[in-house]
Amino acid sequence: MNLLDPQGPVAAANSTILVDSVFIMLVIVVPTIFAILGFAFWFRASNPKARYQPDFVYSGRVEMVVWAIPALTVILLGGVAWIGSHQLDPAAPVPGTGSPVRIQAVSLDWKWLFIYPDQRIATVNTLTVPAGAELNFQLTSSSVMNTFFIPQLGSMIYTMNGMVTKLNLRADNEGKLKGLSAHFSGDGFPDMMFDVNVISPLAFPDWVAATAKSDAVLNEDSYRKLMQQGIEKGKPAYRLEDPRLFDLIANQHIPPGPGPELISDAGRPHSGGHDAR
Amino acid sequence: MLGKLDWSAIPFDQPIPLIAGAVVLVAILAVLTWVVVKGHLPYLWSEWITSVDHKRIGVMYILLASVMLLRGGSDAIMMRIQQAVAYQSQGYLPPEHYNQIFSAHGTIMIFFVAMPFVIGLMNLIVPLQLGVRDVAFPTLNSVGFWLTATGALLVNLSLVVGEFARTGWLAFPPLSELSYSPGVGVDYYAWSLQISGVGTLVAGINLVTTVLKLRTKGMNYLRMPMFCWTTLASNLLIVAAFPILTATLAMLLLDRYLGFHFFTNEAGGNVMMFMNLIWAWGHPEVYILVLPAFGIFSEVVSTFSGKALFGYRSMVLATMAICVISFMVWLHHFFTMGAGPDVNAIFGIASMIIAIPTGVKIYNWLFTMYGGRIRFATPMLWSVGFMVTFIVGGLTGVLLAVPPADFMLHNSMFLVAHFHNVIIGGVLFGAFAGFEYWFPKAFGFRLDERWGKLAFWFTFLGFFITFVPLYIAGMLGMTRRMQHYDVAAWRPWMIVAAIGMAVLTIGVICQIVQIVVSIRNREALRDRTGDPWDGRSLEWATSSPPPVFNFAFNPDVRGEDAYWDMKARAQQQSLERDRPEYQDIEMPRNSPTGFVCAFFATIMGFALIWHIWWMVILGGLGAWATFVVFAWRDHDEYVIPAEEVAAIDRVNLEERRDLVSMAGTV
């Protein structure tokens, strides 16, 4: 999950900006640290060679330099930030080979549901994508806020109930990656890690066809069961009954997921997540 | 009768909080028994609890912060151990407990450690530096302190009665809404902060008024010590920002108590609004904390370099620039919400702009050291340690302000390492520097240097051993608030961080030992002159500890570094020998208003948390009645006769004369 080992163009650009920014700042930070340590050491009271200049308390030239150095650095970095924000807007398209794959991600308590509306399938806690294709994500949440993040593919984005956020990514190399939720969402939060399988574009249709044969069906009823609080240890896959399921969730036609079941009225309710374990 | 409260609120099935709570309870009872048996209670009541003396209140704030630092630190130790062991396992803390711990850690460290520590130092020192006898509203000052203590008490009560929030220290909805957090945890969180928030707001109003209105003769704005400037900036931010926090939490509470829909998923609630509002307070908050620390470093670096602060006017400008800009950057806390590139870029650049005045400050401290004659006493060590540490935190902070980089690092362990880097390396180092620097002023004896230096080195090294691994874990994709994880690459770094935590703990122990050793050796460490560090500002012009009236005569200020100036002139004129005419001094009477008010506020807060409505009314009426009684008071001042002032002042004057005549080399 190393951020400096990107597996797609978005992550590569993000981490380039990250590293470049660090180096731009190191150029002034390192000499400053040395100056601090150097001045502190040289002007120690016990050093007879250091000249005591109690009246050196103002110098227009020094003032100009000390305002100019951070200002120039910030102008440079500000440029990086401005250009970077626009080029790497999560909603901006990321061209790829072949036809884009639409994926609708829903954060549930505490698992990820990935709906492939065009392929009419859905998976939980596993995201399978073809290498090289543009991945158009639409994201929402069934209940509380979460953040969708695959570190090696780049740019994370919030999921919020009743709202849809957009994210475009591309995975360049086949392999297995990991994704997670990067916004605390309750007791089952650490179990919201999911597998990302990047497979060859040729194998993708086969995987879709195999998944579509699944006995389990995702419709409003089974979704309502899925959105109960709990941890999903398996990796269920579904045939998608209604390709508009995501819209029903996002526009709250299906109401937000319930919280913990109250066992007693006392101050410390037992959460569903704990019971599920 | 008791609302939601019943026996199931006591966590009999969880040994850790129960034992911790029992130990604390026994400790409190032991101390109380000792106080009563030894007959210290009347002294404590009349000299401390009801005191409206800004110095005493400052000391009590710092005491509260120190005790809470131990509580918040225990939470930190538990979290580090949990993350070190919870690889492919549940560790030793179940999620509902771990989640309370990190929420409590953040809440306590910000609201009940950092805030009272800096407010305490400002309270203690600012009136002295301004050359005045008290703050603008002495009784209100006491109310502010005791309300803060109420908040701290309620948070700690949640350890054994009920639960604390499991939502993180900012309680983001919808997780913090009734449907997802039905317990009393969020209520404990919100009511504690509402009550202590009132305390902070009145402290802010008080200090702003003090700086603006109560300066001694000749102390115009551009002669104020830097710490007064940063106090002004910080408290202006408190006055502007804390009402936002109060309003935001009030809305959350309306959602939870009366079925409103400000931030719920349903009925048009908007969680993004909470994000905006809480950070509109939250970002200024970090500058509320760090600006006073900047002030402390300015005082310390200047004093121990034996030089006036380099570029004083530049520093003033930088301080006020930070004060203003800090209100315009809140959105950088949620670049990843999908706001769009223009908004993100503008807020990113605004955030970077704060780095300019901050950088200027670092350079000005650097040039204050240049040409100085630097004495490496403990406060100076903390200051140099701060400069080096803070620069690293500044670098990672500016990095996080670059939106595309933030898209990778938001909410990660890298972020956790960053804000600990600036809050420990900036605020806490500053608080410690101020503590070591002004301790002799408050208590009349210096702190042991050997233990102080050991404490610094362990804390400094411990900080890097703890937080560099967290930076690395963040670069490896690790997000914050994980109760357990299965990623092998994160494990070693979590173990190193736990070791670092152990080193940090040794640092804290050294600090405790330092205080104990210093109290035992207090005669040897006695500061008779009131000026142990060869200081430059007016707090050193009076005795240590200062008399209740601070100054027998309001000092006459003729330039920057007022006391340094006086010392220089006194040497030339071999000190004015003329006997000054002492006069009666009027001082505010002590008042139990603050304590009684907070007592009722505690009852009301507890009752609100547990829905015990009759008790809410009782507490509310009690607090209101206290206020009415205070408002109808007849005598709020007493007179210290001139002879008494003269007697107290002459002792100090003799000691000081010896010092000035000895210091021929200044």
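**Helix α1 of chain B and the contact between chains A and B**

Helix α1 of chain B is hardly covered, for the count of buried residues among its 23 residues is zero. The model in which this helix appears is a predicted one. The helix spans residues 15-37 of chain B, and from its first C-alpha to its last it reaches 32 Å, close to the 33 Å expected at 1.5 Å a residue. After α1(B) comes Gly39(B), whose phi is positive, near 75 degrees.

The contact between the two chains may be considered next. Chain B contributes 85 residues to the contact and chain A contributes 87 residues. On the side of chain B that touches chain A, at least two residues each are supplied by α4 (95-130), α10, α11 (378-400) and α12 (403-409) of chain B. Of these, α10(B) gives the most, with 17 residues. Divided by class, that side of chain B has 49 nonpolar, 26 polar and ten charged residues.

The helix α10(B) also takes part in a helix pair across the two chains. Two packed helices are described by the angle between their axes and the distance between the axes. Here the partners are helix α2 of chain A, residues 60-87, and helix α10 of chain B, residues 341-369. Their axes come within 8 Å and cross at roughly 160 degrees. Angles over 145 degrees count as roughly antiparallel, and therefore α2(A) is roughly antiparallel to α10(B). The crossing in which α2(A) passes α10(B) is right-handed. The residues of this helix contact comprise 20 nonpolar, seven polar and no charged.

Key: Residues are numbered from 1 along each chain as its sequence is written. Chains are lettered from A and ligands numbered from 1 in the order in which they are written. This is a predicted model: local features need pLDDT of at least 70, side-chain atom pairs count only at pLDDT 80 or more; totals for chains, interfaces and linings use all residues. Helices (H or I, at least four residues) and strands (E, at least two) are DSSP runs, numbered from the N terminus. The expected span of a helix is 1.5 Å times one less than its number of residues. A residue is buried if 20 or more other C-beta atoms lie within 10 Å of its own, exposed if 12 or fewer, and partly exposed in between; C-beta atoms are placed from the backbone. Axes are lines fitted to C-alpha atoms, for helices over the stretch in contact, and angles run from 0 to 180 degrees between N-to-C directions. Angles under 35 degrees count as roughly parallel, over 145 as roughly antiparallel, 65 to 115 as roughly perpendicular and the rest as oblique. A crossing is left-handed if the near helix is turned anticlockwise from the far one by less than a right angle, and right-handed if clockwise. Ala, Val, Leu, Ile, Met, Phe, Trp, Tyr, Cys and Pro count as nonpolar, Asp, Glu, Lys and Arg as charged, and the others, Gly among them, as polar. Two residues are in contact if their C-beta atoms, placed from the backbone, lie within 7 Å.
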